[in-house]
Amino acid sequence: IKKKRNQLNNNNTIGMETELKNESKFQDTICAPATARGVAALGMIRISGPNAISIINEIFVTTKGLKCVMKDTASGVTRHGFIVNARNETIDEVMCTIFRAPNSFTGEDTVEISHHGSIFIQQQIMVSIVNLGARIAINGEFSQRAFLNGKIALSQAEAIADLISARTAMSHHLAMKQLHGGYTEKIKEIREEFVKLLSLLELELDFSEEDVEFASRDNLNQLMQHSIDELEKLVKSFEAGSAFKNGIPVAIIGKPNSGKSTIMNAILNEERSIVSPISGTTRDTVEESVQIEGIEYRFIDTAGLRSAKDSIERKGIERSYKAIERAHIILYVCDLTNTPYEEVQAELLLLDSQVSLSGKKIIIIGNKTDLVRSNKVQKEAWDAMNSLQISAINNIGIDELLARIAKISDKDEKQDELLVTNARHNDAMMRTLAALLVAQESLAEGQPIDIIASDIREAIHYIGEITGEVTTDEVLNNIFSRFCIGK
């Protein structure tokens, strides 16, 4: 069985590991700035490839005037000195660090040059490096080489891009978690289960004439069901994972003139939405992002919900419904001066019949408390609905509203879960799950082993797309082209 599993792992019908390893033996050396263009205290240039150390050996001089010292420098050691050009003129005082293969990010000989952050200095150093035979890297080429040289999984390479673009504490947390394994380890475990399952089926095919059964059908079904359960959990986590990564959508909805735009402005602490006593001022959705306790929320101010008076307002209301559909949290705003609490539930039921509110978290807001006379019965009724009563124009209750939004986002619970944040990964998981469900159905129907084995091979193929056991040049180029040039 072990021999069969090894054969399956190396079989190019399942993965492309052998092909990738052959492609990863790069003969050229690349270089690129690893810091953003512009004036700064420091900048960094990275060189990677077979000639990285010989190139730095030609242009680096120690503070004592010694040349050709980098060839004898141990991996991980940083040297202080100067970069000189072909005429032996000093370009800059620098710190150079050597990383010898395979103990580097790319798995190749790598040099990092820390220089003063002048654009001119950076250009002159790059010219010297290129003149010695290196070429300028394309976007993401360092990370692509790290993947192809087996230093990181493809999903971890994508986590690097997420880490660089992280804007909030939560998106940073999710990227770091994925970079250090995250659900990649879970995916590898599931794939190993698939290979184990397929090896048993392949063995039965090898001994089909002898009618040998290497695993009971109940055991095969249990193996499948375990993988199905794990995949379903990951697929279900994508909605939350994507929201935490890209910002949780929050729709501010309600009747015209209930104070939605005023609430939007109070949350943003700026005059972003137009506020007017004229009913129906907001004709389109207005969207802005705000960070609350390390989470990004995308607040969407919408047109008031009512029967449209003209085609423009009708278009705005249609967009309001679309905002409600994609929102995770809904702030339903009521004007306390003209909305009895008895109407609120009826309005929400009507809204639910027009666009499903299932699974969405709703905060009922009674606005304009400053205009309402004390009414104990009315107040007790609103309190019983667990509503929040505020005065947006006077900024009363806004902090409490933000605290309630943060509380219902389940941040503390979700940040410890395995959350899928990448749409490509989620798509591959869904296709894997579909193939496995077909295999399970075929097993239940007593289909021939070769048919079931074919479905399992398909599942292995799709799940291999996540970590990179299976990939194509088109996929790789699409992924790494989104990276910055020095990464």
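An axis here is a line fitted to C-alpha atoms, and the angle between two axes runs from 0 to 180 degrees between N-to-C directions. Keep that in mind for the views below, which all come from a predicted model.

**View 1. Helix H14 lies across strands of an open sheet.**
Start with the sheet: six strands sit in the order E9-E10-E8-E11-E12-E13, and their pairing is mixed. The edges belong to strand E9 (286–292) and strand E13 (388–389), each of which pairs on one side only. Now find helix H14 (residues 398–408), which lies across E9, strand E10 (295–301), E11, E12 and E13. Relative to E12, H14 runs at about 170°. Because angles over 145 degrees count as roughly antiparallel, H14 can be called roughly antiparallel to E12.

**View 2. Strands E11 and E12 pair up inside that sheet.**
In which sense do strand E11 (residues 329–335) and strand E12 (residues 361–367) pair? They go in the parallel sense, and the pairing covers seven bridges. For a handy landmark, look for Asp 335, which stands opposite Asn 367 in E12.

**View 3. Helix H3 is mostly covered.**
Zoom in on helix H3 (residues 52–59), where six of the eight residues are buried. Those buried residues are Ala 52, Ile 53, Ile 55, Ile 56, Asn 57 and Ile 59. What covers the buried residues of H3? Plenty of strands take part, including strand E2 (40–48), strand E3 (60–62), strand E4 (78–84), strand E5 (90–99) and strand E6 (110–117). Helix H4 (119–131) is part of the cover too.

**View 4. Ser 128 sits in helix H4.**
Staying with H4, pick out Ser 128, which lies in this helix. Is Ser 128 buried or exposed? Its relative accessibility is 9%, so Ser 128 counts as buried. Leaving aside neighbours within four places in sequence, Ser 128 is in contact with Ile 59, Val 84, Asn 85 and Ile 91. You've met Ile 59 already: it is one of the buried residues of H3.

**View 5. Helices H6 and H7 cross.**
Two packed helices are described by the angle between their axes and the distance between the axes. For helix H6 (residues 154–165) and helix H7 (residues 169–179), the axes come within 8 Å and cross at roughly 155°. That angle is why H6 counts as roughly antiparallel to H7. The crossing of H6 and H7 is left-handed. On the H6 side, the contact is made by Ser 155, Gln 156, Ala 159, Ile 160, Asp 162 and Leu 163. H7 brings His 172, Ala 175, Met 176, Gln 178 and Leu 179. Sort the residues in this contact by class and you get six nonpolar, four polar and one charged.

**View 6. H7 also meets helix H9.**
Here the partner of H7 is helix H9 (residues 217–246), and their axes come within 7 Å, crossing at roughly 125°. With that angle, H7 is oblique to H9. Met 170, Ser 171 and Leu 174 of H7 touch Gly 241, Phe 244 and Lys 245 of H9. The class count for this contact is three nonpolar, two polar and one charged.

**View 7. Ser 227 has a partner from far along the sequence.**
Ser 227 belongs to helix H9. At 2% relative accessibility, Ser 227 counts as buried. Which residues does Ser 227 touch, not counting those up to four places away in sequence? They are Ile 190, Glu 193, Phe 194 and Leu 436. Ser 227 and Leu 436 are 209 residues apart in sequence, yet their C-alpha atoms are 8.4 Å apart in space.

**View 8. Three loops have backbone details to look for.**
Most residues other than glycine have a negative phi, and most peptide bonds are trans. In the loop between E5 and E6 you'll find Pro 102. A cis peptide bond joins Ala 101 to Pro 102, with omega about 0°. Next comes Asn 257, in the loop between strand E8 (248–254) and helix H10 (260–268). Phi of Asn 257 is positive, near 65°. Asn 257 has 33% relative accessibility, so it counts as partly exposed. Finally, Asn 395 sits in the loop between E13 and H14, and its phi is positive as well, near 60°.

How values were computed
Residues numbered from 1 in each chain as written. Predicted model: local features only at pLDDT ≥ 70, side-chain atom pairs only at ≥ 80, totals over all residues. Heavy atoms only, no water. Buried < 20%, exposed > 50% of the residue type's maximum accessible area, 1.4 Å probe, protein only. Helix = DSSP H or I, 4+ residues; strand = E, 2+ residues; numbered from the N terminus. Contact = heavy atoms within 4.5 Å. Pairing = 2+ DSSP bridges. Parallel < 35°, antiparallel > 145°, perpendicular 65-115°, else oblique. Left-handed = near helix turned anticlockwise from the far one by under 90°. Nonpolar A, V, L, I, M, F, W, Y, C, P; charged D, E, K, R; others polar.
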